[in-house]
Amino acid sequence: MARRTAFIYADELTRHTLSETHPMKPVRLRYTYELLDGYGAFDASHASVVAPREALLEELMWYHSAEYIEAVRRLNEDDATVDQRRFNFGPGDNPAYSGIYDAAVLSTGATMTAVELLLSGEADAAFSISGGLHHAMPSYAYGFCVFNDPVIGIKRMVAEGMRVAYVDIDCHHGDGVQHAFYDSDAVMTISLHESGAFLFPGTGHTQEIGAGRGRGYSVNMPLYPYTTDEVYLWALREVAMPLLQRFQPDVLVTQLGIDSHFKDPITHLALSVQGHAAAVEELASLGIGKWLALGGGGYDLQAVARGWALDFAVMSEQHLSAEIPTEYAERYGVTTLRDLDELPIQADMVRDARTFAEAGTQSVQRLVFGTLGLR
């Protein structure tokens, strides 16, 4: 029986603008929806599109301070008396804009909608593409993220007595989620990301393994610039897969940022869209009964649409042909779903990335595996 999979979407999620020059473009969500719709992916009896609700104030307060939430609410109405710097808003990564609270509370609510579908048994898997905003901290915005929907969604599931595995394959370290659960053994956080030595937020080193009861439950696999599909998938199999099999979670939460794509304008990894989907296939092979997937980074807009379309196809156990549907292709000038199998990455870069990944894997295995009873 095919996995019952929900896609959480409404056009309202795409209509805000962070700034005219900001790389985060919400329209990428609409492109993903249109591409999947063009393929007829939502026509399958086990696939559905579900509209999001807004997050409740009570839910936001599970992680964020009341003072911070109130500041975002006031910025929503262009209140000039708010000290933006105190909450890390301002020109650059985290601009304050009219409607910022409305947009953030809806994207967070989309993830809560997905969580509720899983908890009620209405869906086996749910993809909240507007979510995955993994950098937001309890009392300030960070890395394009206002409210941390992964943390809030996970807290709801932990409150139901569930063990949760969070696997973050965004190019950036999932620092806000790690921070929230650093001392918890109910949540295992695993992040594969470009090394903080080269990319924001500068964290996610292998030595960050949790504290107290959570020691061994925070896992980080930093990667070298120009890491390709082959090396990335090798690292995933060597680090994440045995840990997930050992942890035996009730729920799998995946943050599927696709700023690891080789065409992404602000990062340096070198994955193809099919390599990204192959990582998702690896995680799907675990057969965990409840699966919450979230969006995240991704700044080449058509790479995002193609990658997340393939990811949803993996989740809903559908096949998408290589040829882009005619209407979408004519509208956006995209003709092929998948990238070239062999990207033009120099051999010495591939070698350096492999050496770096091998060293990182050995470090994780030394620091974490023994704590959890693995080799």
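Is Arg237 buried, partly exposed or exposed? In this predicted model, Arg237 is partly exposed, with a relative accessible area of 41%.

## Salt bridges between separate elements

The model contains 15 salt bridges, and one of them involves Arg237, which pairs with Glu282 at a distance of 2.9 Å between the closest N and O atoms. Because Glu282 belongs to helix α8 (residues 273–284) and Arg237 to helix α7 (residues 229–247), this pair ties together parts that are 45 residues apart in sequence.

A second pair joins Asp339 and Arg306, whose closest N and O atoms are 3.0 Å apart. Here Asp339 sits in the loop between α10 and α11 (347–369), while Arg306 is part of helix α9, so that the bridge links distant parts of the chain, 33 residues apart. Both Asp339 and Arg306 are buried, whereas Arg237, in the pair described above, is partly exposed.

## A salt bridge within helix α1 and its network

Arg30 and Glu34 also form a salt bridge through their side chains, with an N to O distance of 3.0 Å. Both residues lie in helix α1 (residues 27–39), where they are 4 residues apart, or about one turn of the helix. Arg30 is partly exposed, its relative accessible area being 27%, while Glu34, at 18% relative accessibility, counts as buried. The value for Glu34 falls under the 20% limit that defines a buried residue, which is why the two partners are classed separately.

The pair is also part of a wider arrangement, for a network of salt bridges links Arg30 and Glu34 with Glu327 and Arg331.

## Cysteines without a disulfide

How many disulfides does the model have? The count comes to 0 disulfides, and the positions of Cys145 and Cys171 show why: the sulfur of Cys145 has its closest cysteine sulfur in Cys171, 14 Å away, which is too far for a bond. The relation holds from the other side too, since the closest cysteine sulfur to that of Cys171 is the one in Cys145, again at 14 Å and too far for a bond. A disulfide would need the two sulfur atoms to lie within 2.5 Å.

Both cysteines are nevertheless shielded by the protein: Cys145 is buried, with a relative accessible area of 2%, and Cys171 counts as buried at 0% relative accessibility.

## Backbone features in the loops

Most residues other than glycine have a negative phi, and most peptide bonds are trans. Against this background, the peptide bond from Phe200 to Pro201 is cis, with omega near 5°, and Pro201 is found in the loop between β5 (187–194) and β6 (218–223).

Two residues other than glycine may be noted for a positive phi, among them Phe144, with a value near 75°. Phe144 lies in the loop between β3 (125–128) and α5 (149–159), and is buried, with a relative accessible area of 16%. For Glu317, phi is near 55°, likewise a positive value in a residue other than glycine. Glu317 occupies the loop between α9 (301–315) and α10 (326–332), where it is partly exposed, with a relative accessible area of 46%.

## A negative patch on the surface

Which residues gather in a patch of negative charge on the surface? The patch brings together Glu54, Glu77, Asp78 and Asp102. Of these, Asp78 can be placed in the loop between α3 (66–76) and α4 (100–120).

## Separations along the chain and in space

Leu119, in helix α4, counts as partly exposed at 24% relative accessibility. The C-alpha atoms of Leu119 and Lys290 are separated by 8.4 Å, although these two residues are 171 residues apart along the chain.

Ala6 offers another pair for reference: this residue lies in strand β1 (residues 5–8) and is buried, with a relative accessible area of 1%. Between the C-alpha atoms of Ala6 and Lys263 the separation is 28 Å, and the two residues are 257 residues apart along the chain.

How values were computed: Residues numbered from 1 in each chain as written. Predicted model: local features only at pLDDT ≥ 70, side-chain atom pairs only at ≥ 80, totals over all residues. Heavy atoms only, no water. Buried < 20%, exposed > 50% of the residue type's maximum accessible area, 1.4 Å probe, protein only. Patch = residues over 30% accessible without salt bridge, like charges linked within 9 Å, V, L, I, M, F, W, Y side chains within 5 Å. Areas by Shrake-Rupley, 256 points an atom, 1.4 Å probe, with all protein chains shown as cover. Salt bridge = Lys/Arg side-chain N within 4 Å of Asp/Glu carboxyl O. Lys, Arg positive; Asp, Glu negative; His and termini not counted. Charge placed at Lys NZ, Arg CZ, Asp CG, Glu CD. Helix = DSSP H or I, 4+ residues; strand = E, 2+ residues; numbered from the N terminus.
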